[in-house]
Amino acid sequence: AEHLAFASDRMGENHIWLVQADGGSARRLTEKPINTETEDCGVCYSKFSWSPDGSQIVYTDGDKESANLYTLDLVGGETKQLTDLAGENRWPNWGSDGNTIIYVRVQEGANEFWTLNLQSGEHKKVITGGGGMNPTWSPNMEWIAFQQWDPAFGRATYITKYSNGETHRVGATDYASGGAVWDRSGERLIYHSAKNTGPLVLYDV
């Protein structure tokens, strides 16, 4: 990897930064501070995603009134606004096809998953059987892992099938979980758990 991206409050405000992997000065990506005042998460807008070829980053910039998706081209240095939508649009994740980005659209307090086709510009609502946060494509884009709020234990991890919305909760129902990451095969999900069995759990899809 030639670059590293990270979220930091080094200047007294939360922003997404980019730095060369071999060191040097960090470059600030976001023009507005990352929103940290939402009710359902602390630094929602610190979530960003690399394109499959590593040439671009998609991220959220904005505030409670209007937050949209942007890409940064690491070769030319150009920033492009992908969405111009009311409300908050956050948690983008770039699919392995290089053309589809999934994100969360927040309007009137409701979270909905949407995809953006970069070639056509088409937005499509994803069926999940309920709201959620932090969607993450599986490598083959058949499944989407995400977190949903459980009033008893906090965040819980789910997976939903992209083609038909078939949704399952991952792991037991008596503890919180989150931070889901797919392995390269797309057949296993790795997540952290509040259960005493250990901080990391493997789940066979």
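**Exercise 1.** Determine what share of the chain's contacts between residues at least 6 apart in sequence join residues at least 24 apart.

*Solution.* A contact requires heavy atoms within 4.5 Å. Among contacts between residues at least 6 apart in sequence, 30% join residues at least 24 apart.

The model is predicted: local features need pLDDT of at least 70, side-chain atom pairs count only at pLDDT 80 or more, and totals for chains, interfaces and linings use all residues. Residues are numbered from 1 along each chain as its sequence is written, and side-chain values use heavy atoms, with hydrogens and water left out.

**Exercise 2.** Identify the residues of the largest nonpolar core that touch the most other members, and the strands that supply this core.

*Solution.* A nonpolar core is a set of buried (under 20% relative accessible area, 1.4 Å probe, protein chains only) Ala, Val, Leu, Ile, Met, Phe, Trp, Tyr and Cys residues joined through side-chain atoms within 4.5 Å. The largest has 13 residues, of which Ile102, Val104, Phe113, Val126, Trp137 and Ile144 touch the most other members. Strands (DSSP E runs of at least two residues, numbered from the N terminus) 9, 12, 13 and 14 each supply at least two core residues. Strand 9 gives the largest share, three residues.

**Exercise 3.** Describe the pairing of strand 13 with strands 12 and 14.

*Solution.* Pairing requires at least two DSSP bridges between two strands. Strand 13 pairs with strand 12 in the antiparallel sense over three bridges; Thr136 has Ala145 as bridge partner. With strand 14, strand 13 forms an antiparallel pair over eight bridges, and Gln148 stands opposite Ala156.

Methods:
Buried < 20%, exposed > 50% of the residue type's maximum accessible area, 1.4 Å probe, protein only. Helix = DSSP H or I, 4+ residues; strand = E, 2+ residues; numbered from the N terminus.
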